[in-house]
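I opened the notebook to look through one protein model, going from the whole chain down to single residues. The entries are in the order in which I looked things up.

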Amino acid sequence: MNNQLKESVLQVEGLNIYYGSFQAVRNVSLEVKAGEIFGLLGPNGAGKTSTLSAIEGLLKPQSGNISIAGYNIKEKPLYARANIGVQLQSTSFQPELTVSEIIRLYGGIYGVEMTIEKLEKMLTNIKLEDAASKRFGQLSGGQQQRVSLVIAMIHEPRLVLLDEPTTGLDPQSRRQLWERMEALRENNHGILLTTHSMEEAEAVCDRIAIIDHGQVITIDTPQALIESNRNKPEVISASRKGKITLEDVFIGLTGRAIRS
Ligand SMILES: Nc1ncnc2c1ncn2[C@@H]1O[C@H](COP(=O)(O)OP(=O)(O)O)[C@@H](O)[C@H]1O
Ligand SMILES: [Mg+2]
């Protein structure tokens with residue numbers, strides 16, 4: 001289906017966020033469509049987490065409009081929030097509860113009826129069918145991460161927000177998470193994720209926004225960003241004669257200086 005025709009699951013328009021007198025997010029606008037994986041890329045301090053926090057409703061922006069699945073978060077906050085899934089840090093879960101206890105607990109919080117069959121299907125989906133009675137604290141990092149993703153999705157939200165979901169994962173767990181994200185895309189959910197991995201952005205993101213100092217520098221598909229910058233000497237230095245990657249474009253657009 002033509003991307004233009006797809007419904008949008010997230011619309012951000014003219015978002016401005018200040019911490020005191022410091023402006024962390026400057027006039028950010030972006031849109032995530034149903035069935036799209038959208039990557040937010042930027043150096044440390046670029047304003048990625050602040051943007052996600054405003055979308056989640058945890059932080060009140062000074063100005064701008066945010067709509068989730070068509071619901072403006074100021075006018076219809078409950079409907080908007082019911083359509084967002086956020087992956088919690090694994091430290092948010094009680095380590096002594098079992099996997100099935102945690103899933104039942106969050107099912108209850110979100111008002112999702114949880115039959116045995118449904119629970120088993122969820123566990124099979126994340127390849128944890130044998131771990132139902134294991135304590136959360138005994139799971140590996142990758143397994144914990146899969147449980148937290150399943151909980152983010154328990155109420156079948158239209159939009160899933162993932163802040164650096166693969167940081168610290170081993171390659172196997174990372175691949176598995178990519179597959180989970182692709183399955184969500186197949187089911188017409190929209191995903192907004194942040195990442196420092198250019199490989200990840202190229203592998204899974206349909207479109208990306210590069211942001212720096214709180215501002216969106218560019219939004220496009222990874223391939224189009226490479227193609228449109230390939231012959232720009234101000235972006236790609238002449239010494240990079242070989243294969244130009246998304247990382248070359250990213251460094252070219254955001255500079256070489258290390259951010260704290
Ligand atoms: N609670 C806060 N109080 C003051 N400054 C903050 C706060 N949170 C973030 N910042 C600042 O806002 C900027 C953007 O931060 P953040 O959104 O966390 O960036 P990113 O996630 O891209 O690394 C940074 O300069 C950061 O130091
Ligand atoms: Mg961050």
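The entries below go from overall figures to a hairpin, a helix residue and two loop residues.

Entry 1, the model. I note at the start that this is a predicted model. I looked up the secondary structure and found 9 helices and 10 strands. I then checked the radius of gyration, which is 19 Å; the globule rule gives 18 Å for 260 residues, so the protein is as compact as a globular protein of that length. For the extent, I took the C-alpha trace along its principal axes, and it spans about 60 × 45 × 40 Å.

Entry 2, burial and contacts. I looked up the share of buried residues, and it is 49% of the 260 in the protein. I also took the contacts between residues at least 6 apart in sequence; 65% of these join residues at least 24 apart.

Entry 3, surface and charge. I have about 13300 Å² of exposed area for the protein, with 48% of it supplied by carbon and sulfur atoms. I counted charges next: 28 are positive and 30 are negative, and the mean positions of the two sets are 3 Å apart.

Entry 4, the hairpin. I followed strand β1, residues 8-19, into strand β2, residues 22-33; the two pair in the antiparallel sense over 8 bridges. I asked which residue in β2 stands opposite S8. The residue is K33. Between the strands of this hairpin I found 2 residues, and G20 takes a positive phi near 65 degrees.

Entry 5, Q145. I located Q145 in helix α5, which covers residues 141-152. Is Q145 buried or exposed? I read 10% relative accessibility for Q145, and the cut-off for buried is under 20%, so Q145 counts as buried. Leaving out residues up to four places away in sequence, I list Q87, P165, L169 and L177 as what Q145 touches.

Entry 6, positive phi outside glycine. I noted A69 with phi near 50 degrees, a positive value in a residue other than glycine. A69 sits in the loop between β4 (63-68) and β5 (71-72). I put the relative accessible area of A69 at 22%, so A69 is partly exposed. I noted K127 under this heading too, with phi near 55 degrees, positive in a residue other than glycine. K127 belongs to the loop that runs between α4 (116-125) and α5, and α5 is the helix that holds Q145.

Key: Residues numbered from 1 in each chain as written. Chains lettered and ligands numbered in written order. Predicted model: local features only at pLDDT ≥ 70, side-chain atom pairs only at ≥ 80, totals over all residues. Heavy atoms only, no water. Helix = DSSP H or I, 4+ residues; strand = E, 2+ residues; numbered from the N terminus. Rg over C-alpha atoms; globule rule 2.2 N^0.38 Å. Buried < 20%, exposed > 50% of the residue type's maximum accessible area, 1.4 Å probe, protein only. Contact = heavy atoms within 4.5 Å. Areas by Shrake-Rupley, 256 points an atom, 1.4 Å probe, with all protein chains shown as cover. Lys, Arg positive; Asp, Glu negative; His and termini not counted. Charge placed at Lys NZ, Arg CZ, Asp CG, Glu CD. Pairing = 2+ DSSP bridges.
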